[in-house]
Structure formats: C-alpha cells, structure tokens
Amino acid sequence: METYILALDQGTTSSRAVVFDRSGNIISIAQKEFPQIFPKPGWVEHNPMDILETQLHSAKHVLEKASIKPEQIASIGITNQRETITLWDRNTGKPVYNSIVWQCRRTSEICESLEKKGYGKIVREKTGLLLDPYFSGTKIKWLFDNVPGLYERAEKGEICAGTIDTWLLFNLTGKHFTDPSNASRTLLFDISTGKWDKELLDMLGIPARILPEIKPSCGFFASTKKEIFGREIPVGGIAGDQQASLFGQACFDFGSAKNTYGTGCFMLVNTGKKPVFSSNRLLSTVAWDIGDGMEYALEGSVFIGGAVIQWLRDQMKLVKTAADSEREALSVKDNGGVYFIPAFVGLGAPYWDPEAKGTIMGLTRGSGSAHIIRAALESIAFQSLDLIDAIKDDIGGKITSLKVDGGASVNSFLMQFQSDILGIPVIQSSIAETTALGAAYLAGLHCGYWNDKDDIRKNWKARKTFTPALDPYEREAMTANWHQAVRAALQFKP
Ligand code: ADP
C-alpha cells in the first residue's frame with residue numbers, strides 16, 4: 001500500500017491540506033476560505049472555530065478527493081499563519097475570545113509604552129524581534145487587560161494559550177505543544193536558550209502556565225484522536241509558514257535564501273546554528289529544530305509586494321488581471337525613467353519610515369500606463385534588492401542565488417528583472433506549495449519517510465532559472481535611480 005504525508009497549511013485567509021508523495025509531488029490539494037473579522041479600523045480577528053472547522057474540512061476532503069485512506073498517511077505536518085494567538089479553556093476547549101491576528105494593530109499603545117520604559121533592548125537581544133503589535137505577546141496582554149476574570153482563571157491553570165499550530169494540535173490530539181519556530185514569534189521566547197523567558201513574561205504580566213511545552217519542529221508531537229480520521233495518525237512536524245517554506249525550498253546551508261512574493265514579500269536567509277542579530281532592524285528568528293538543536297534565519301519583509309499590482313488592477317484599473325502586468329511591462333523597451341515607490345503603508349527595512357507615502361517619479365509627456373506598470377513590477381524587485389543588501393551586511397557574506405515562490409513569482413518579467421538587478425540567479429521551485437511541502441518534509445523526516453536532508457535536497461527541482469542579463473553598468477545606474485527616488489519620497493512629508 002502506497003503511503004503519503006499530509007500537510008495542513010493554515011493560512012491567513014484559507015485553510016489548505018495537501019497530500020505529498022515520496023518525491024515531494026502534490027497528489028491532492030483542498031482549500032477552504034474563512035471569514036475575516038474587522039471589529040474596528042486596524043483590528044483583525046479570526047474565529048478559532050472557523051479556523052478549526054475549515055482545516056478539518058480540507059484535511060478530510062483532500063483524502064476523499066484522492067481516494068486515500070487514513071491508513072496511508074504516514075505522518076501529518078502542520079504549518080500556520082504566524083503570531084496569531086488564541087486563548088481557550090483547558091477543560092472545555094472553548095476559546096475565550098476570537099483569535100487576534102498578526103495583522104491586528106490594537107496593541108500599538110502597549111508597544112509604545114514598553115518602548116518608553118526601555119524594554120526595546122532586551123526584546124531585541126532575547127527574542128530577535130522588535131516591539132511591534134505584529135507579535136503575539138502584547139496581544140495576550142491585551143486579552144488579560146480586557147477580558148474580565150481571564151487573568152485569575154489563567155493563574156489557576158484553567159487557560160491555555162497558543163499560536164495557531166498549538167490550537168490545531170490541541171484539537172487534533174488533546175496535547176498542548178508548540179515548536180521553536182512558532183515560539184520565536186511570540187515575544188516570550190529567548191531564541192538563544194530555546195526557552196520561554198521569565199523576564200519577558202513578567203514584562204507583559206503573563207503567567208507561564210498558560211504556555212505550551214516546546215518540542216522540536218521535527219519529532220513525534222502526539223497522535224490524532226481516533227474519531228477525527230477513524231484512525232490515530234502521528235503529527236510529526238510543525239513550523240511557522242515562512243520557516244516551513246524555507247525548509248520546503250531546501251535552504252539548509254548558511255546564506256541560502258528564499259523570497260516569497262505574495263501580497264508582501266518575505267525574504268528569509270539561513271544563518272546556521274547561531275542567531276545573527278541585525279544592525280538593520282531585520283528579524284532574527286528560529287528556522288527550525290529538526291532534533292539536533294535550533295537553526296536560525298534572518299528575516300526581512302516588503303510590505304507592498306504583489307499588492308502594488310492589485311492596486312493597479314482594483315484602484316487604477318490599469319490592468320484587468322494581475323497576470324496582464326507581465327505583457328504590459330514587456331510592451332515597452334524600458335521603464336522610460338519612471339520609478340514607483342509603493343510606500344502605501346510606509347516603508348519597511350532598511351528605511352523604516354511608517355509615515356512615507358507612495359510616489360511615482362520621473363514622469364514625462366512620453367510616459368504611458370505600460371511604463372507605470374513596469375515601474376510597479378520593478379519596485380517589487382528593488383525592494384527585495386534592498387532587503388538582500390541589508391541581509392548581506394548583517395551576515396557579512398554573499399548570497400549567491402535566490403529561490404522564489406508565491407503568487408507573483410510566476411511573473412517571468414518580474415523574476416528576470418529580479419535576477420538582473422540582484423546580479424544572481426533567481427530560481428523558481430518546481431513545487432508551488434513550498435510552505436505545505438516544508439511541513440510535510442518535517443513530518444516525513446521524523447517517521448523515516450525521508451531519511452535526511454539529502455533526500456530532500458535531491459527532491460528539490462527548479463522549474464525555471466533566471467540568470468542576470470542586464471549590463472552591470474545599467475544595473476548600477478537603475479539601482480542608483482531607485483535609491484534617489486526613495487530618498488526623494490522620504491522627503492515628502494505633507
Ligand atoms: P498571499 O499568500 O499574500 O495572499 P499570493 O501568494 O496568493 O499572496 O499572491 C497574490 C499576490 O500576487 C497578489 O497581490 C497579486 O496581485 C500578485 N500576483 C498574482 N499573480 C501575479 C502576476 N502574474 N504578476 C504579478 N503579480 C501577481
């Protein structure tokens with residue numbers, strides 16, 4: 001009987017389930033969206049029961065679709081939207097509040113007040129993160145400050161807290177565990193010791209007993225309850241989505257990097273067995289622990305990546321579909337001197353200006369919509385270049401190629417330009433679902449479905465490699481123009 005690995009990929013807008021075979025090929029895939037809840041401007045919540053139900057639905061559906069029996073699943077891997085937090089009653093399993101989503105900005109004041117009290121330094125040194133509402137810790141504090149009686153119940157041991165991996169695992173198996181890649185996004189975890197940290201817990205007034213036990217990302221977590229699939233199946237792998245994608249892209253060596261081009265872009269580079277702390281306000285994070293100690297990554301993100309194309313489509317009506325942007329960009333011979341800074345929500349690394357606004361520069365009578373579309377695509381690549389430069393500066397080394405995935409990575413113009421402007425090969429993976437694949441690899445490594453990282457390296461195949469074709473002089477000139485445009489945009493403070 002053929003066996004497979006089942007990956008559960010719990011994302012921000014949908015829950016997916018993917019079945020992989022030994023070659024890392026997709027056998028079957030199922031997906032279900034769930035509602036986004038916006039109680040106030042800047043607030044984002046999910047109903048934890050929606051998350052659970054859509055995830056279970058996808059998991060069962062993906063097996064039915066491919067006529068795969070639960071007996072044929074050797075192990076389950078979980079990957080998830082990171083930082084989103086849920087608290088629930090340990091006995092009844094009932095959530096005490098909606099999940100507060102990573103995007104939610106409700107804790108900006110808590111963060112500002114902690115920064116004023118001087119906590120920024122210990123947060124950076126211990127967690128590798130910044131005091132930002134993005135991360136889970138201040139969201140838990142907010143719940144304690146706002147849900148009557150919650151703190152008292154937590155102190156008595158009646159409450160469990162968890163990121164989404166933990167919420168799913170608790171419901172699948174009854175166990176309260178997480179892995180270090182997810183723990184490293186909470187603000188409560190010391191990435192050097194690999195433990196929850198008392199000083200950080202005290203900073204936020206969080207009782208330690210609400211937290212899950214931390215187990216390696218690859219290893220036996222627990223088995224699913226019999227009633228779920230009709231048979232107990234081991235859960236053997238857990239990692240946050242970006243780290244799972246780094247693993248799925250087989251970025252196992254120091255300096256190997258991947259960039260995911262979605263709404264925003266997430267660039268992660270493997271930094272080996274020691275965390276590298278950034279001088280450019282990038283994040284240091286745990287990549288995974290496959291049972292032989294933690295490995296680390298540096299992470300930078302572009303806020304507006306593929307979203308700039310959405311904006312051209314929905315707000316400006318310059319393209320009908322995102323895919324049309326490629327044809328439009330190629331209809332002109334160059335950007336015609338037009339540079340687009342898509343600072344719609346400020347600019348992130350390495351500029352860090354939350355007040356910056358979007359700008360299109362270099363317009364002439366000859367500029368047309370195709371130039372603007374081309375400049376928009378180029379801006380995704382230029383922002384990724386700035387991230388790579390910051391990462392290179394932090395790790396004191398070179399990055400010799402970039403593996404890519406995500407919705408906008410199918411745009412060949414963008415990928416060619418990315419390679420041109422970085423001056424290194426840009427490599428599309430043959431498997432689009434690298435996040436789910438990473439979780440599957442973690443689970444499959446644990447149960448011997450794959451023997452070691454070399455098995456995974458062998459599975460990794462390029463769909464297409466883009467190599468630099470732009471004259472280096474031209475590359476430097478365009479990069480200088482981009483930086484001049486960014487500087488000008490940062491000057492504009494109406
Ligand atoms: P997310 O996971 O963040 O929702 P996806 O990986 O699904 O994102 O990618 C969707 C994003 O990619 C959208 O912002 C969309 O505008 C962009 N996108 C999709 N296809 C293309 C394309 N062919 N060219 C450029 N951008 C694209």
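**Note on the predicted model: ligand shell, two sheets and a helix pair**

1. The shell around the ligand is made up of six nonpolar residues, eight polar ones and one charged one. The model in which this shell is seen is a predicted one. Of the 15 residues around the ligand, those that come nearest are Gly262, Thr263, Gly306, Gly407 and Asn411. Two or more residues of the shell come from each of the helices α11 (307-314) and α12 (324-330). The most is given by α11, with three residues.

2. The next points concern the sheets. Six strands make up an open sheet with mixed pairing, and their order is β3-β2-β1-β5-β14-β13. At its edges stand β3 and β13 (218-223); each has a single partner strand, so one side of each is left without a neighbour in the sheet. From one strand to the next, the twist averages 25 degrees.

3. Helix α15 (residues 434-446) packs on this six-stranded sheet. The strands that α15 touches are β1, β2, β5 (73-80), β13 and β14 (234-240). The direction of α15 makes about 135 degrees with that of β5.

4. Within the same sheet, β1 (residues 4-10) and β2 run antiparallel and are joined by six bridges. Leu6 has Val19 of β2 as its bridge partner. The connection from β1 to β2 is a hairpin of three residues.

5. On to the pairing of β2 with β3 (residues 26-33), which is antiparallel and extends over seven bridges. Two pairs of residues can be picked out here: Ala17 has Ala30 of β3 as its bridge partner, and Arg16 stands opposite Gln31 in β3. The hairpin of β2 and β3 has five residues between the strands, and Gly24 in this hairpin takes a positive phi near 80 degrees.

6. Is strand β2 (residues 14-20) largely enclosed or open? Six of its seven residues are buried, so β2 is largely enclosed by the rest of the structure. A reader following the strand in the model can set this beside its antiparallel pairing with β1 and with β3.

7. A second sheet is also open and has seven strands, in the order β17-β18-β16-β15-β21-β22-β23, again with mixed pairing. Its edge strands, β17 (283-289) and β23 (462-466), each pair on one side only. Direction ignored, neighbouring strands of this sheet are turned by 30 degrees against each other on average.

8. Inside the seven-stranded sheet, β15 (residues 257-261) pairs with β21 (residues 402-405) in the parallel sense, over four bridges. Asn259 stands opposite Val404 in β21. Helix α14 (residues 412-422) lies across β21, β22 (426-429) and β23. The helix α14 runs at about 145 degrees to β22.

9. The last point is a helix pair. Two packed helices are described by the angle between their axes and the distance between the axes. For α1 (residues 48-65) and α6 (residues 164-173), the axes come within 11 Å and cross at roughly 65 degrees. This crossing of α1 and α6 is right-handed. On the α1 side the contact is made by Pro48, Ile51, Leu52 and Gln55, and on the α6 side by Ile164, Trp167, Leu168 and Asn171. By class, the contact of α1 with α6 holds six nonpolar and two polar residues, and no charged residues.

Note on methods. Residues numbered from 1 in each chain as written. Predicted model: local features only at pLDDT ≥ 70, side-chain atom pairs only at ≥ 80, totals over all residues. Near = placed C-beta within 6 Å. Nonpolar A, V, L, I, M, F, W, Y, C, P; charged D, E, K, R; others polar. Buried ≥ 20, exposed ≤ 12 C-beta atoms within 10 Å, placed from the backbone. Pairing = 2+ DSSP bridges. Axes fitted to C-alpha atoms, helices over the stretch in contact; angles between N-to-C directions. Contact = placed C-beta atoms within 7 Å. Left-handed = near helix turned anticlockwise from the far one by under 90°.
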